[in-house]
Amino acid sequence: MSDIEKSTLKEIEARFDNEVERFSNLDTGQVSTIDAKISLEILAKGVAAVVPDAKAVLDLGCGAGNFTLKLLELIPSFDSTLVDLSKSMLDRAFQRVSKVNKGRVNTVQADFLSLELPESTFDAAITGAALHHLRSDREWEAVFTKIYKSLKPGGCFFISDLISHEYSAIHKLMWQRYADYLLSIGDKEYQESVFAYIEKEDTPRSVTYQLDLMKRVGFSSVDILHKNSCFAVFGGIR
């Protein structure tokens, strides 16, 4: 990654306002994500295994609602709090989730740093393809601490996201595998466009960085559910 100036929150919000349809396919997930469908399924199954009777779930960076919808296939009703930077994404998520969820559906338009969360409220927090927008160590720790405090004892936090790798040769290898994947589903122009917005918008961290951070803020147990190249599903239990 170069030292290119990163997108502002407003720029990120504007891009996602125009990406609603791409985030609205529950059968495929985001096709630009390796193993997108598997990640959707295994994150939902992880939550259901830890808190099968979840009554309140927080979906951070909910997009069009795919992860909450997948969880509702396993836990048919719970109060859902959907958070996203994009109003267009929130509107679509609310529409889709409300159709199948008998519990309350609340939406909050906010970025993770300004978001205020009640403490000891949620049985589970989930997030898909969103945390990689965080920048500094201070931001990462502030958000993880906030999420930890929002969970009930025994609650879980599961993440599906783009990741980096700490050893340079491994990082290069895994991102080359991603480049090859993008070519397999598109062309060179598509590959370059995906890497361009990653370069402009994202600051992914490694799985080990995030699991260590979870332990530091208080999570009692952490684990990896799935990993393929530079995408992974992982999380922790309070």
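Here is a chat between two people about a predicted model.

Colleague: Let's start with strands. Which strand does β6 (residues 221–228) pair with in the antiparallel sense over seven bridges?
Modeller: Two residues sit between β6 and its partner, and the two strands form a hairpin. In one of the bridges, I224 has F234 as its partner, and in another K227 is matched with A232. Follow those partners and you land in residues 231–237, which is strand β7.

Colleague: Which residue in the turn of that hairpin has a positive phi?
Modeller: Most residues other than glycine have a negative phi, so a positive one is worth a look. In the turn between β6 and β7, phi comes to about 55 degrees for one residue, and that residue is S229.

Colleague: Which other strand pairs with β7 in the antiparallel sense over seven bridges?
Modeller: Look for the residue that stands opposite F231 in β7, and you find L162. The strand that covers 151–162 is β5. The antiparallel partner of β7 here is therefore, with 162 falling in that range, strand β5.

Colleague: How many of the seven residues of β7 are buried?
Modeller: To count as buried, a residue needs under 20% relative accessible area. β7 is mostly covered. The number of its residues that are buried is six.

Colleague: On to the pockets. What volume does the largest pocket have?
Modeller: Its lining is made of 49 residues, and those nearest its centre are F16, A129, A130, H132 and H133. The volume of this pocket is about 790 Å³.

Colleague: Which element gives the most to the lining of the largest pocket?
Modeller: The elements that each give two or more residues include α2 (36–50), α3 (66–72), β5, α7 (188–201) and β7. Another on that list is the helix at 9–17. With five residues in the lining, the top contributor is α1.

Colleague: Now for charges. How far apart are the closest N and O atoms of K70 and E73?
Modeller: Side chains of opposite charge can pair when their charged atoms come close. K70 and E73 form a salt bridge, and K70 is buried, with a relative accessible area of 11%. The closest N and O atoms of the two are apart by 3.5 Å.

Colleague: How many residues apart in sequence are the parts that D79 and R104 tie together?
Modeller: The side chains of D79 and R104 meet in a salt bridge, at 2.8 Å from N to O. D79 lies in strand β2 (residues 79–84), while R104 is in the loop between α4 (87–100) and β3 (105–109), so the parts tied together are apart in sequence by 25 residues.

Colleague: Is R104 buried or exposed?
Modeller: Its partner D79 counts as partly exposed, at 24% relative accessibility. For R104 the relative accessible area is 56%. Exposed means over 50%, so R104 is exposed.

Colleague: What separates D91 and K87 along helix α4?
Modeller: These two form a salt bridge, with their closest N and O atoms 3.0 Å apart. D91 is partly exposed at 42%, and K87 is partly exposed at 43%. Because they are four residues apart in helix α4, what separates them is about one helical turn.

Colleague: How many salt bridges does the count come to?
Modeller: We've met three pairs: K70 with E73, D79 with R104, and D91 with K87. The full count of salt bridges comes to five.

Colleague: Where is D35, with its positive phi?
Modeller: Phi of D35 is near 60 degrees. At 22% relative accessibility, D35 counts as partly exposed. You'll find D35 in the loop between α1 and α2.

Colleague: And where does S120 lie?
Modeller: S120 also has a positive phi, near 50 degrees. S120 is partly exposed, with a relative accessible area of 41%. Its place is the loop between β3 and β4 (122–128).

Colleague: One more, on the surface. What accessible area do Y167, I170 and L173 have together?
Modeller: Y167 is in the loop between β5 and α6 (168–185). Y167 is exposed, with a relative accessible area of 60%. With I170 and L173, Y167 forms a nonpolar patch, and together they have an accessible area of about 320 Å².

Definitions and conventions: Residues numbered from 1 in each chain as written. Predicted model: local features only at pLDDT ≥ 70, side-chain atom pairs only at ≥ 80, totals over all residues. Heavy atoms only, no water. Patch = residues over 30% accessible without salt bridge, like charges linked within 9 Å, V, L, I, M, F, W, Y side chains within 5 Å. Areas by Shrake-Rupley, 256 points an atom, 1.4 Å probe, with all protein chains shown as cover. Salt bridge = Lys/Arg side-chain N within 4 Å of Asp/Glu carboxyl O. Buried < 20%, exposed > 50% of the residue type's maximum accessible area, 1.4 Å probe, protein only. Pairing = 2+ DSSP bridges. 1 Å grid on protein atoms, 1.4 Å probe; cavity = no way out; pocket = protein on both sides within 12 Å on 5 of 7 lines; lining within 4 Å. Points joined across faces, edges and corners; volume = space filled by probe spheres on them.
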